Amino acid sequence: MISRLDDPHYARWAAQIRRTGGCRQPIHLRGKVQHIDQMTSELLHSYSTHLEPNGVLRVPCKTRRATRCPACAEVYRADTYQLIRAGLVGGKGVPETVTSHPCLFVTLTAHSQQSPRR
């Protein structure tokens, strides 16, 4: 812990950790990206993880399973609520006229592959 605090890249490392939003299993990305203008071949932007702490960029895992990562699952749950709500009452680019449309919530479940008991 002391060596991490003394690291000159501590501020960048801490920013990455905060940006993952409490993700339990952040994904560590390595590599580089170059955005090049197709018409002029001009380099518009370049990024490399080489200068990041430990040479990696940490991003959230974004899993939906709360047992694997409660923080990412909560983000997904909240986003799903907003999408369903917008589909029922309008908003977020959906016209409010949707409230006059009928709505159904249908759950489809595949049949079991287990053999019947005798």
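From the N terminus on, the elements of the protein run α-α-β-β-β-β-α. That order comprises three helices and four strands. The model is a predicted one. Its radius of gyration is 23 Å, whereas a compact globule of 118 residues would come near 13 Å.

**Overall dimensions and packing**

- The C-alpha trace spans about 60 × 55 × 30 Å along its principal axes.
- Of the 118 residues, 15% count as buried.
- Take the contacts between residues at least 6 apart in sequence: 48% of them join residues at least 24 apart.

**Surface and charge**

- The protein exposes about 10200 Å². Carbon and sulfur atoms supply 57% of that area.
- There are 17 positive and 8 negative charges. The mean positions of the two sets are 15 Å apart.

**Positive phi outside glycine**

- S41 is not a glycine, yet its phi is positive, at about 65°. The residue sits in the loop between β2 (32–36) and β3 (43–48).
- S41 has a relative accessible area of 58%, so it counts as exposed, the cut-off being over 50%.
- K62 is another residue other than glycine with a positive phi, here near 60°. Its place is the loop between β4 (57–59) and α3 (70–89).
- K62 has 65% relative accessibility and therefore counts as exposed.

**A buried glutamate**

- E52 belongs to the loop between β3 and β4.
- The relative accessible area of E52 is 9%. Buried means under 20%, so E52 falls in that class.
- The side chains of E52 and R12 are joined by a polar contact of 2.7 Å.
- Leaving aside residues up to four places away in sequence, E52 touches R12, Q16, Y47 and L57. R12 thus appears both in this contact list and as the polar partner of the E52 side chain.
- Of these neighbors, Y47 lies within the range of β3 (43–48), and L57 within that of β4 (57–59).

**Loop residues in brief**

- S41, in the β2–β3 loop, is exposed.
- E52, in the β3–β4 loop, is buried.
- K62, in the loop between β4 and α3, is exposed.

Conventions
Residues numbered from 1 in each chain as written. Predicted model: local features only at pLDDT ≥ 70, side-chain atom pairs only at ≥ 80, totals over all residues. Heavy atoms only, no water. Helix = DSSP H or I, 4+ residues; strand = E, 2+ residues; numbered from the N terminus. Rg over C-alpha atoms; globule rule 2.2 N^0.38 Å. Buried < 20%, exposed > 50% of the residue type's maximum accessible area, 1.4 Å probe, protein only. Contact = heavy atoms within 4.5 Å. Areas by Shrake-Rupley, 256 points an atom, 1.4 Å probe, with all protein chains shown as cover. Lys, Arg positive; Asp, Glu negative; His and termini not counted. Charge placed at Lys NZ, Arg CZ, Asp CG, Glu CD. Polar contact = N/O pair within 3.5 Å; in protein donor to acceptor, adjacent residues only side chain to side chain.
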